[in-house]
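Here are a few helix-packing exercises to try with the viewer open. Have a go at each one before you read the solution.

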Amino acid sequence: MTRDLTITEVRLTPILVADPPLLNTQGVHQPYTPRLIVEVVTADGVTGLGETYGDTKYLEPARSFAEKLVGRQVSDLNGLFVLADEVAVDGSQVSGQVDVGGLRGVQTADKLRLSVVSAFEVACLDALGKALGLPVHALLGGKVRDAVEYSAYLFYKWADHPAGVACEKDDWGAAVDPAGVVEQARRFKERYGFTSFKLKGGVFPPEEEIAAVRALAQAFPGHPLRLDPNGAWSVATSLKVADELGDVLEYLEDPALGTAAMAEVAAGLKGAARSASDNGSGGRRAGVRLATNMCVTTFAEIEEAFTKGAVQVVLSDHHYWGGLRNTRELAAICRTFGVEVSMHSNTHLGISLAAMTHVASTVPDLHHACDSHYPWQSEDVLTERLVFENGVVRVSDAPGLGVELDRDRLEFLHRRWLDDDGTLRDRDDAAAMRVADPEWVTPAVPRW
Ligand SMILES: O=C([O-])C(=O)C[C@H](O)[C@@H](O)C(=O)[O-]
Ligand SMILES: [Mg+2]
C-alpha cells in the first residue's frame, strides 16, 4: 500500500501548565509555565505530536516554520534544518548570556531555531512511525534497552505559591532545609522507585546545600547523588563543595558558569587527583566529575569545552540540541572524546518524556539516569500519563511515540493561555520571585 506522507496541516497550540513553587538560583517557578504543542497532519490523516518551549521567542519562529512545512514530506527530516535557517528570529530575544527564565545556557538565534525544530522533528517522527507501523526508536535505528532509567529531580520548594496568586495546589509540601529535602526524596522513591537523586542547588548558601546532600547520603547510602547550582558558585566555592561532597557525588553539575570557569574547576579537580595518586593527599575532591547542561548546549560549544577538559558528562536535551537525531549525533561525538552522556530536563509534558525515552533507548552508552521534571507536572495533554516504575519508563513499541493526545485537555490548557494577560506567557523565574519579594533581582554570578 502506498502512503501519502505529505504534510497537509500543522497545528500549533500554546498552553500554560501548572508548575509548583520550585526554587532555583534565579527565583521561583511561575504557577503556570508556557509550552507549545505541535501537531503535524499528513494527507492520509495521520497526526504526529511534538512539544517544546512555549515562550513568545519560540512561538513566533514556530509559526513561520509551520507555514513553510505544509506540502513537504514527514520523512524529510534533514530538510527541516534547511528550512529552519530561513526562519527569522527576533534579535532582541537573542543573547550570549544565560537565559533568565530557563537556565538553558546561551540563547543564540541558531539555538532558538533548533529548539523550535526539535518539536517538528519529533512530530514528523511520530507521524512517520504511525504511518509505517513502527515505533520512533525503530526509526532511530532501534532500541538497545527496553527501559530508560530516570533520576529524582529534587528541588527546594515552598509549600505554596505566594498568597493571592492563582495556582493549582500540590501535595509535596515544603522543602527548604535538609530534612525537607530528604522527605521529598523519600516520596520520590516511594512514588516512582527512583534510586538516584539530583538536588537543584544555587538557592541557599553552599554550606546549607552541602548539609542537604550529606543528609541525602545518610538517608540513602550508596545511591548516586548530584548537585546542580546552575553556575551560581565561584571556582573556589566549587572546589570547596567538591572537597566536602566528593565522596558521595556521582557528579557536580554546572558548579561555575561558562566553559572557562568550569575548566578552572576541572583543573583543580585534576590537580587533586594527581596529588592523590602521587602522595595520597588529593582529598575528597579528587574523583569528582563535572557535568553540564549550560556550557555545552550547542555543537559550536563542544570543541572549546572538550579541548579544555571542562566537562566529563554532557547532559543532552533534545529540545535545544534540535531533536532526537541530533541527540544521537551529540552522543557519538561525546563517545569519540571519552565524554559521558545523560539527559537534562526542563518543565515538560508526556510528549517530550516519550521522545526522550525513545532516543535514550537507542543510545548505547547512556551513562547515568536521565533527569525529568515530569513528576512535578500534575497536568498533561495525553489521554494516559507515562509511568515511572522502579525508576524507569518502559520503552513503547507502539507505532510512533506511543502516546495519544487528549484534545479536551489541550483545549483546557490552551484556554488558560488565551485567558492570561501576557504575564505568564514568557517564563520569568525572577519576576515570579518578586511577587513574594519585591526587592528580588536576578543574583549576579558568581553568587557565592
Ligand atoms: O539542570 C538544569 O540545569 C535545569 O533543569 C534547569 C532548569 O531550568 C531548572 O533549574 C528549573 O526549571 O528550575
Ligand atoms: Mg543543570
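The exercises below work on a predicted model.

**Exercise 1.** Work out how helix α7 packs on helix α8, and which residues meet.

*Solution.* Start with the geometry: α7 (residues 235-245) and α8 (residues 258-279) pack at an angle of about 40 degrees, and their axes are 9 Å apart. Angles under 35 degrees would count as roughly parallel and 65 to 115 as roughly perpendicular, so α7 is oblique to α8. Next, the handedness: the two cross in a right-handed way. Now pick out the contact: V235, S238, L239 and A242 come from α7, and they meet A261, E264, V265, G268 and L269 in α8. Sorted by class, this contact has six nonpolar, two polar and one charged residues.

**Exercise 2.** Do the same for helix α5 and helix α6: what is the angle, and which residues make the contact?

*Solution.* Helix α5 (residues 178-192) packs against α6 (residues 206-219) at about 45 degrees, with 8 Å between the axes. That angle makes α5 oblique to α6. The crossing is right-handed. On the α5 side you'll find P178, V181, V182 and A185, and on the α6 side A211, A212, A215, L216 and A219. The class tally is nine nonpolar, no polar and no charged.

**Exercise 3.** Which residues of helix α14 are buried, and what covers them?

*Solution.* Look along residues 429-436: the buried ones in α14 are D429, A432 and M433. They span an arc of only 100 degrees around the axis, so they sit on the same side of α14. Finally, the cover: it includes β2 (23-24) and β3 (27-28).

How values were computed: Residues are numbered from 1 along each chain as its sequence is written. Chains are lettered from A and ligands numbered from 1 in the order in which they are written. This is a predicted model: local features need pLDDT of at least 70, side-chain atom pairs count only at pLDDT 80 or more; totals for chains, interfaces and linings use all residues. A residue is buried if 20 or more other C-beta atoms lie within 10 Å of its own, exposed if 12 or fewer, and partly exposed in between; C-beta atoms are placed from the backbone. Helices (H or I, at least four residues) and strands (E, at least two) are DSSP runs, numbered from the N terminus. The arc is that of the directions from the helix axis to the C-beta atoms. Two residues are in contact if their C-beta atoms, placed from the backbone, lie within 7 Å. Axes are lines fitted to C-alpha atoms, for helices over the stretch in contact, and angles run from 0 to 180 degrees between N-to-C directions. Angles under 35 degrees count as roughly parallel, over 145 as roughly antiparallel, 65 to 115 as roughly perpendicular and the rest as oblique. A crossing is left-handed if the near helix is turned anticlockwise from the far one by less than a right angle, and right-handed if clockwise. Ala, Val, Leu, Ile, Met, Phe, Trp, Tyr, Cys and Pro count as nonpolar, Asp, Glu, Lys and Arg as charged, and the others, Gly among them, as polar.
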